[in-house]
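This report looks at how helices pack against one another and how charged side chains pair. Please keep the sequence and the structure in view while reading.

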Amino acid sequence: MPLITFEGIDGCGKTTQIEKLSDYLKNKKVNFSVFREPGGTKIGEKIREILLDSSNNNMDEKTEFLLYAASRSQLVKEQVKPRLEVGEYVILDRYIDSSVAYQGFGRGLGKRIVTLINEFATDMIYPDLTFYLEIDKETFEKRMRNKDRLEAEGWEFMKKVMEGYNSLKGTKRFILIDGREQKDKIFQRIIEELEKHFAL
Ligand SMILES: Nc1ncnc2c1ncn2[C@@H]1O[C@H](COP(=O)(O)OP(=O)(O)OP(=O)(O)O)[C@@H](O)[C@H]1O
Ligand SMILES: [Mg+2]
């Protein structure tokens, strides 16, 4: 039934909150699946390898975006659509908004073309609810510390990405959460919103 996505810059706490939500839904005996982007399918995981391979350091930003879109398209056809149709909850660790933010604003491809190709790739399957975990520079740097990430981009890049997320703030499905708060407090907020929207 519902499609729920988690968004925000690197280290904002998406995976942490999805793990908590998974435990919660398991307890409630709710049927759900979790997928991460890029990936979630055999083809998508191969695309992920290409995207995360640090030796591919000359990748054109259009190539990069189209690979994300290709992985997304495969995920929607193979996993998301069929599961939504049988009434499962589907939870995604990043989805269309990540491309708006990272490729559209971060890489400068623009929101219009990214939105168009997102719609083409997903057959207009939009999330019912999106949790955007917002953090600031201080929190970003703290959470990134000691993290050996080849793909780590600096704050200057993340600032552009955040502009992209800011541009989505008026959207009805887009729930702004203060990601600087404690993990449990954030999770309470998420549950409140879910209970408000769905019969959990
Ligand atoms: N609310 C929080 N307070 C303090 N630390 C947190 C909080 N949420 C997450 N963290 C910590 O910050 C780090 C990054 O969290 P997490 O991996 O969940 O982020 P993410 O959004 O999934 O990042 P990425 O986009 O890189 O996958 C982890 O070490 C995690 O334990
Ligand atoms: Mg993560």
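Is Arg180 buried, partly exposed or exposed, judged by its relative accessible area? With a relative accessible area of 48%, Arg180 is partly exposed. This value, like the others in the report, was computed from a predicted model.

## Salt bridges around Arg180

Side chains of opposite charge can pair when their charged atoms come close. Arg180 takes part in such a pairing, since it forms a salt bridge with Asp178 in which the closest N and O atoms are 3.0 Å apart. Its partner Asp178 also counts as partly exposed, at 30% relative accessibility. Salt bridges with shared partners join Asp178 and Arg180 with Asp136 into one network.

Another pair is formed by Glu181 and Lys185, whose closest N and O atoms lie 3.3 Å apart. Glu181 counts as partly exposed, with a relative accessibility of 32%. For the model, the count of salt bridges comes to 16.

## A link between distant parts of the chain

Arg107 and Glu64 form a salt bridge as well, and here the closest N and O atoms are 3.0 Å apart. This pair links distant parts of the chain, because Arg107 sits in the loop between α4 (96-106) and α5 whereas Glu64 belongs to helix α3, and the two are 43 residues apart. The partners can also be described by their accessibility: Arg107 is partly exposed, with a relative accessible area of 31%, while Glu64 is buried, with a relative accessible area of 12%.

## Helix α3 beside α5 and α4

Two packed helices are described by the angle between their axes and the distance between the axes. For helix α3 (residues 61-85) and helix α5 (residues 111-122), the axes come within 8 Å and cross at roughly 30°. Since angles under 35 degrees count as roughly parallel, α3 is roughly parallel to α5. The crossing of these helices, α3 and α5, is right-handed. On the α3 side, the residues that meet α5 include Phe65, Leu66, Ala69 and Val76, and on the α5 side the residues that meet α3 include Ile113, Val114, Ile117 and Ala121. Sorted by class, the residues of this contact between α3 and α5 divide into 8 nonpolar, 3 polar and 2 charged.

Helix α3 also packs against α4, at an angle of about 175° and with the axes 11 Å apart. An angle over 145 degrees counts as roughly antiparallel, and α3 is therefore roughly antiparallel to α4. Glu64, Phe65, Tyr68 and Arg72 of α3 make this contact with Ile96, Ser99 and Gln103 of α4. By class, the residues of the contact between α3 and α4 are 3 nonpolar, 2 polar and 2 charged.

## Helix α4 against α7

What is the angle at which α4 and helix α7 pack? The angle between α4 and helix α7 (residues 155-166) is about 130°, and their axes are 8 Å apart. At this angle α4 is oblique to α7, and the crossing of α4 and α7 is right-handed.

Among the α4 residues in this contact are Val100, Ala101, Tyr102 and Phe105, which meet α7 residues including Phe157, Met158, Val161 and Tyr165. The contact of α4 with α7 has 8 nonpolar, 3 polar and 3 charged residues.

How values were computed. Residues are numbered from 1 along each chain as its sequence is written. Chains are lettered from A and ligands numbered from 1 in the order in which they are written. This is a predicted model: local features need pLDDT of at least 70, side-chain atom pairs count only at pLDDT 80 or more; totals for chains, interfaces and linings use all residues. Side-chain values use heavy atoms; hydrogens and water are left out. Axes are lines fitted to C-alpha atoms, for helices over the stretch in contact, and angles run from 0 to 180 degrees between N-to-C directions. Helices (H or I, at least four residues) and strands (E, at least two) are DSSP runs, numbered from the N terminus. Angles under 35 degrees count as roughly parallel, over 145 as roughly antiparallel, 65 to 115 as roughly perpendicular and the rest as oblique. A crossing is left-handed if the near helix is turned anticlockwise from the far one by less than a right angle, and right-handed if clockwise. Contact means heavy atoms within 4.5 Å. Ala, Val, Leu, Ile, Met, Phe, Trp, Tyr, Cys and Pro count as nonpolar, Asp, Glu, Lys and Arg as charged, and the others, Gly among them, as polar. A salt bridge is a side-chain nitrogen of Lys or Arg within 4 Å of a carboxyl oxygen of Asp or Glu. Buried means under 20% relative accessible area, exposed over 50%, partly exposed in between (1.4 Å probe, protein chains only).
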